[in-house]
Amino acid sequence: MIWDKTETFTRKEIKQIQLNRLKTTLRRVYAKVPFYKTLFDKLNLSPNITSLDDLKKFPFTTKEDLRDNYPFKLLAVDMKDVVRLHASSGTTGKPVVVGYTKKDIETWADLMARIIIQAGVTREDIAQIAFSYGLFTGGFGLHYGLEKVGATVTPTSSGNTIKQLMLMKDFGTTVLVSTPSYALHMAEVAKKEGIDIKKDLKVRLGLFGGEPCSELLREEIEKEWGMKATVNYGLTEVMGPGVAGECGIGKGMHISEDHFLVEVIDPDTGEVLPDGCEGELVITTLTKEAFPVIRYRTRDIVTLSMAPCKCGRKTARISAIKGRTDDMIIIRGVNVFPSQIEAVLKEIPEASPHYQLVVSQKSHQNSLEVQVEPSSNFIANEYSINELKTKIQKHLKSVLSIKTEVTILKPETIKRTEGKSKRIFFKEVKHQ
Ligand code: ADP
Ligand code: ZN
């Protein structure tokens, strides 16, 4: 089933919609957001464009721009028209804050509905949302879309795996919404609890996102759960989940191009690459009221395909995310930047700035170990080491919202380099 007829529009029709909406968007941001006005004026760019190609002349917007304008300076509407705020992890301290008008929330629900329907959800389904609800966009986005298509929603949010499994069994849950790594973790916990997920549970379909899902990981999930696993993609800066999703027939994730104009660029030169080339995904929102973004650099590496799909949709598709152009790592669906950890360590006098991160994929789930050397005047004994460990762990938890392992190393264990130091190490990665 196809939720919205625009998904089947010809390229020419889509481009016409995009041009009209891009014209409006550029004029709006120029009139309403001083950041864009100053930028366009400086570059002598008129917001009155005549073709889609004109977009290439406009500058990119980066995560740093969003952070520099914390919290509300990029809003294109009055605060009284903003009905919701969400935020994604910032690299240091301050997060990126985004706003939504009532209409934005409706659009969000509608775009999520497209993705949910194309993944194969129906009104008959009982969907358990194991994404967290809060500043993170995942829980709410899926929630709106699933309700919109008429499925029954169980908003369990993340964590408390044993209870999640109990409810799944008792409610007869048929759809699981989570990060792919959490789905595998759930399968493991189920085994330990003596639950046979294929027999005792009725989950037939998974909607996964928030972090990369390799083909191996997908196969493992499908095998363990006996379900069909589909992947969807989004990011807070642009809307949250709902930007692109798989139809289950063709390869890649369909993008709602009447709402998002996508480009793929060479991350080093900024040059727009032809379709089919691998590069960084850049997104311009075409309908966002409260928080429009122009040429936002997602840092996600993809390839783009314009070929029509067997499912009947003619919208562009992005490949699975192949990597990032920055050093962001995703731990259990939470974005983590090494600079956040650095900032925490800086605040703790007993810790030195010499640290490294070990990401391991134990029990199918990413976990993060922070190894740090103590400061030179630290007097190490069993008691003080434990105390320091706990202190760092607590600080990290409050900043990252995830549990980390902390190891206090002996001074000068970490290799010193003159150039760019390698701080992130991956261990036991079985599912990448
Ligand atoms: P989300 O709610 O999608 O996690 P965030 O803003 O917290 O939103 O994180 C967005 C980032 O998460 C993306 O830029 C991308 O790197 C990663 N991400 C989201 N969905 C996927 C996916 N399906 N595959 C790979 N990476 C993803
Ligand atoms: Zn398709």
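Which arrangement do the four donor atoms around the zinc ion (ligand 2) make? The arrangement is tetrahedral, because the angles subtended by these four donor atoms run from 103 to 115°, and four donors count as tetrahedral if all angles lie between 85 and 135 degrees. The model discussed here is predicted. This briefing covers the zinc site and one helix pair.

**Zinc site**

- Coordination of the zinc ion (ligand 2) comes from Cys247 through SG, His254 through NE2, Cys309 through SG and Cys311 through SG, at 2.1 to 2.3 Å.
- The donor residues of this ion follow the sequence spacing C-x6-H-x54-C-x1-C.
- Distant parts of the chain are linked by cysteine 247 and cysteine 309, which lie 62 residues apart.
- Cysteine 247 is in the loop between strand E8 (240–245) and strand E9 (253–255), while cysteine 309 is in the loop between strand E12 (296–305) and strand E13 (317–318).
- Cysteine 247 counts as buried because its relative accessibility is 8%, and buried means under 20%.
- Cysteine 309, at 9% relative accessibility, therefore counts as buried also.
- For four tetrahedral donors, the ideal angle at a metal is 109.5 degrees.

**Helix pair H7 and H9**

- Helix H7 (residues 180–192) and helix H9 (residues 215–225) have axes that come within 10 Å and cross at roughly 35°.
- The crossing of H7 past H9 is left-handed.
- On the H7 side, the contact involves Pro180, Ala183, Leu184, Met186, Ala187 and Lys191; on the H9 side, it involves Leu217, Glu220, Ile221, Glu224 and Trp225.
- Classed by residue type, this contact of H7 with H9 has eight nonpolar and three charged residues, and no polar ones.

Key. Residues numbered from 1 in each chain as written. Chains lettered and ligands numbered in written order. Predicted model: local features only at pLDDT ≥ 70, side-chain atom pairs only at ≥ 80, totals over all residues. Heavy atoms only, no water. Axes fitted to C-alpha atoms, helices over the stretch in contact; angles between N-to-C directions. Helix = DSSP H or I, 4+ residues; strand = E, 2+ residues; numbered from the N terminus. Left-handed = near helix turned anticlockwise from the far one by under 90°. Contact = heavy atoms within 4.5 Å. Nonpolar A, V, L, I, M, F, W, Y, C, P; charged D, E, K, R; others polar. Donors = N, O, S within 2.8 Å, 3.2 Å for Na, K, Ca; no water. Tetrahedral: all angles 85-135°; square planar, octahedral: opposite > 155°, others 65-115°. Buried < 20%, exposed > 50% of the residue type's maximum accessible area, 1.4 Å probe, protein only.
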